[in-house]
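Let's take a friendly look at the empty spaces inside a protein. Have the sequence and the 3D view ready as you read.

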Amino acid sequence: MAKNNYDVIVVGAGFAGLYMLHNLRSRGFSVRVFEAGGDIGGTWYWNRYPGARCDVESLEYSYQFSEELQQEWVWSERYATQAEILKYANHVADRFELRRDIQFDSHISKMAFDETSNSWTITTADGEATVSRFCVMATGCLSSTNIPAIEGREKFAGGTYHTGSWPHHGADFTGKKVGIIGTGSSGVQSIPIIAEQADHLYVFQRTPSYAIPAYNGPYDPEYERERKANYKNYREEAKNSRSGFLLAINEDMAMDVSEEERQVAYDKRWKRGGLTFLGAFNDLLTNKEANDTAADFVRSKIQEVVNDPDLAEKLSPQTVVGCKRMCVDTNYYQTYNRDNVTLLDVTEHPIDEITTTGIRRDGTEIELDELVFATGFDAMTGALAKIDIKGSNKTTLKEKWAEGAKTYLGVAIAGFPNLFIVTGPGSPSVLANMMPAIEHHVEWISDCINYCRETNCNRVEASSDAEEAWVAQTNELASHTLFPTCNSWYLGANIPGKPRIFMPYLGFQRYLAACEEIVEKGYKGFSLS
């Protein structure tokens, strides 16, 4: 029997879940949030690995729904650390008294829609059942950790860690022989810090990443004052951009200017640092020839920094720059000049197995005291797929998505009435600034639920035709870019057996306009009854 009834149940208490709770509660809805972790924070609660920080500038990676909140909070650095971001999340929870409606240490194991009552029953792993008219999945895009199925993984006798589920007490690698598998964002951030502690660090690399310097440091108080004084204008400018943040894109085409002009543009972006590098020219993600010029520039910078030419070559990606998540680093490439760091290419020489005392490759064992998996996530769908979610015809979400994730707008799924997703597949999400993407979804979903209340609607569901058309549009947009040319987690390519489908929707401004038009046309593509 269900213990409680609510208007809305929210799963997840990261930034999406917190704002979802605040927004719905302010409209008079009864809301309960279930969170698997022991406290709020989502991604920033779990990802506590050495060097963890945001790759979006702090003044942009923050809520804008409250003018008082955005004025009172003071960020200490250009790129905030995990600890500072978690402190910010706690401040938000305390300021708006959110914890009283959040239930922690509560893993949701199954969810089922009831046709008769048009409601969801949500059941935790310990058997507690709760009923609500609507359910919002705020489970995050990067929350389901991926650990590769390497033979012998369970045998290793030393300490084992995953960057996405780091122990809260931390880890001390002083004087240890450490192995780290993976050189994506979390690897790029953690490798320089671990190398400073370890007796020796062995980096097992499959595919090198493009990393742009962060040039991180304290915020200039005058710069912060100016930003805050003009926050409204800056936020509006970001909202009307392709990505949801102030990535000023040069409208020139790379191949329409001289080689000298290209180098000047790339050098200017490199010296500024961060993800704005990709905005050096308008065609870097649509024209392979143009992209090659940017990739050559980054590779030349790697060769300047890394002393050993052969090592620099191994660290130089040969893929399209930007079709995988770009990394923002602090002394990543410089770390390979250290005597206590060894790079091992697992594409040329794969890992044979993990033993009780280390890793064996090419018949030779590398002895390790500690092993770190920086192997990322089952992105965008993994957290949802772990829950047994049954829709209106008893079809599970896992069955529905067997050939690839399909949604309408990235917020709704045909056959799963009254269920919403925040920043789901089919929305800009991971290819936009996540904070405004989250806020937009929260407000759109809240408006929809409120509309149902005002019109006595008990059921809202995306149509199959609208869903298919949206998936086709998402893939059509991607097909005109270089994104599908890489085996990236945007396509699910990092998970063996996961269907390949490009999941993010390209163009934040375009997406906002589409969502607004759908509402103006009476929630076109949805059935409301």
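How many nonpolar, polar and charged residues are there in the lining of the second largest cavity? Keep that question in mind while we tour this predicted model. Rolling a probe the size of a water molecule over the atoms shows where empty space is left.

**The cavities**
- The structure has five cavities of 30 Å³ or more.
- The largest cavity has a volume of about 110 Å³.
- Its lining includes Asp55, Val56, Glu57 and Glu60, along with Tyr79, Phe245 and Arg272.
- By class, the lining of the largest cavity splits into five nonpolar, two polar and four charged residues.

**Back to our question**
- The second largest cavity holds about 90 Å³ of space.
- Among the residues that line this second largest cavity are Ala405, Lys406, Thr407, Trp470, Asn475 and Met503.
- Here is the count we were after: the lining of the second largest cavity has seven nonpolar, four polar and one charged residues.

**The second largest pocket**
- Now turn to a pocket: the second largest one has a volume of about 800 Å³.
- It is lined by 32 residues, and the closest to its centre are Arg242, Ile249, Leu285, Phe483 and Leu506.
- Helix H16, which covers residues 508-520, gives the most to the lining of this second largest pocket, with three residues.
- The lining of the second largest pocket is made up of 19 nonpolar, nine polar and four charged residues.

Conventions:
Residues numbered from 1 in each chain as written. Predicted model: local features only at pLDDT ≥ 70, side-chain atom pairs only at ≥ 80, totals over all residues. Heavy atoms only, no water. 1 Å grid on protein atoms, 1.4 Å probe; cavity = no way out; pocket = protein on both sides within 12 Å on 5 of 7 lines; lining within 4 Å. Points joined across faces, edges and corners; volume = space filled by probe spheres on them. Helix = DSSP H or I, 4+ residues; strand = E, 2+ residues; numbered from the N terminus. Nonpolar A, V, L, I, M, F, W, Y, C, P; charged D, E, K, R; others polar.
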